[in-house]
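This briefing covers one strand with its pairing partners, and one pocket. Please keep the structure open while reading.

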Amino acid sequence: EVDVEDHEGEAVNVLVPARTLEELAKIIPDTKEQVTLGLRENQAVFSTGDTTFVSRLIEGQFPNYQQLLPANYETRIVAQKEGLIAAAKRVALFAQHSAPLRLLFEDGTARLSATSQELGGASEEIEVEQEGATIEIALNAQFLIDGLATMSGETVAMELTTPLKPGLIRSVEQEHLYLIMPVRIS
């Protein structure tokens with residue numbers, strides 16, 4: 001969610017392709033210039049400085065992700081974002097061919113592990129702040145790394161209910177939310 005200024009008219013929901021937003025992020029200078037957004041029937045027009053960028057909109061309705069957001073959590077983990085990303089990347093080398101990355105949160109420690117029949121296994125521990133019960137959850141390693149990489153700030157919180165229900169990753173410093181879906185493990 002982004003605050004807007006000078007909005008005219010009623011609320012509008014549109015689907016903008018992810019690639020459009022990735023390209024827009026490259027166009028916007030680091031000077032944090034304002035971006036003007038104009039919407040037409042099936043197009044979005046972004047303007048900043050002397051650059052104008054036009055994109056088609058995706059037709060249809062975005063899934064109601066808010067119904068998946070857990071209202072409360074059983075376990076909350078707070079960790080340094082870069083340390084968690086680095087550990088996940090190292091261990092994820094063994095989580096190939098869609099093998100899950102396992103995370104065990106217990107007594108202020110996060111143990112990340114992955115095994116592969118061809119490559120073997122890896123395990124790494126990092127310190128975290130933990131509130132609530134011990135929990136082990138399995139995630140797609142790349143989805144976890146991608147979600148953490150999008151977070152603003154230096155600290156992230158993971159809010160989990162059970163090993164099979166969706167959880168949340170939040171930026172502690174800013175309002176940024178990432179929904180994670182666990183993988184079933186045997």
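Which backbone oxygen lies 2.7 Å from a polar atom of the side chain of T75? In this predicted model, that atom is the backbone oxygen of A133. The points below start from T75 and its strand β4, then turn to the second largest pocket.

**T75**
- T75 is part of strand β4, which covers residues 75-80.
- T75 counts as buried because its relative accessibility is 1%, and the cut-off for buried is under 20%.
- Leaving out residues up to four places away in sequence, T75 touches Q130, E131, G132, A133, I135, M158, E159 and L160.

**Pairing of β4**
- β4 and strand β8 (residues 129-132) run antiparallel and are joined by four bridges.
- In the pairing with β8, R76 stands opposite E131.
- Strand β10 (residues 155-160) also pairs with β4 in the antiparallel sense, over six bridges.
- In the pairing with β10, A79 stands opposite V156.

**Second largest pocket**
- The second largest pocket holds about 150 Å³ of space.
- Its lining consists of L139, N140, F143, L144, Y178, L179, I180, M181 and V183.
- Both α3 (141-150) and β12 (177-180) supply at least two residues of this lining.
- β12 gives the most to the lining, with three residues.
- Eight of the lining residues are nonpolar and one is polar, while no charged residues take part.

Note on methods. Residues are numbered from 1 along each chain as its sequence is written. This is a predicted model: local features need pLDDT of at least 70, side-chain atom pairs count only at pLDDT 80 or more; totals for chains, interfaces and linings use all residues. Side-chain values use heavy atoms; hydrogens and water are left out. On a 1 Å grid over the protein atoms alone, a cavity is a set of points where a 1.4 Å probe fits but cannot get out, and a pocket is an open set with protein on both sides within 12 Å along at least five of seven lines; lining residues have an atom within 4 Å of a point. Grid points are joined across faces, edges and corners, and a volume is the space filled by probe spheres set on the points. Ala, Val, Leu, Ile, Met, Phe, Trp, Tyr, Cys and Pro count as nonpolar, Asp, Glu, Lys and Arg as charged, and the others, Gly among them, as polar. Buried means under 20% relative accessible area, exposed over 50%, partly exposed in between (1.4 Å probe, protein chains only). A polar contact is a pair of N or O atoms within 3.5 Å; within protein, one must be able to donate a hydrogen and the other to accept it, and residues adjacent in sequence count only if both atoms are side-chain atoms. Contact means heavy atoms within 4.5 Å. Two strands pair if DSSP finds at least two bridges between them.
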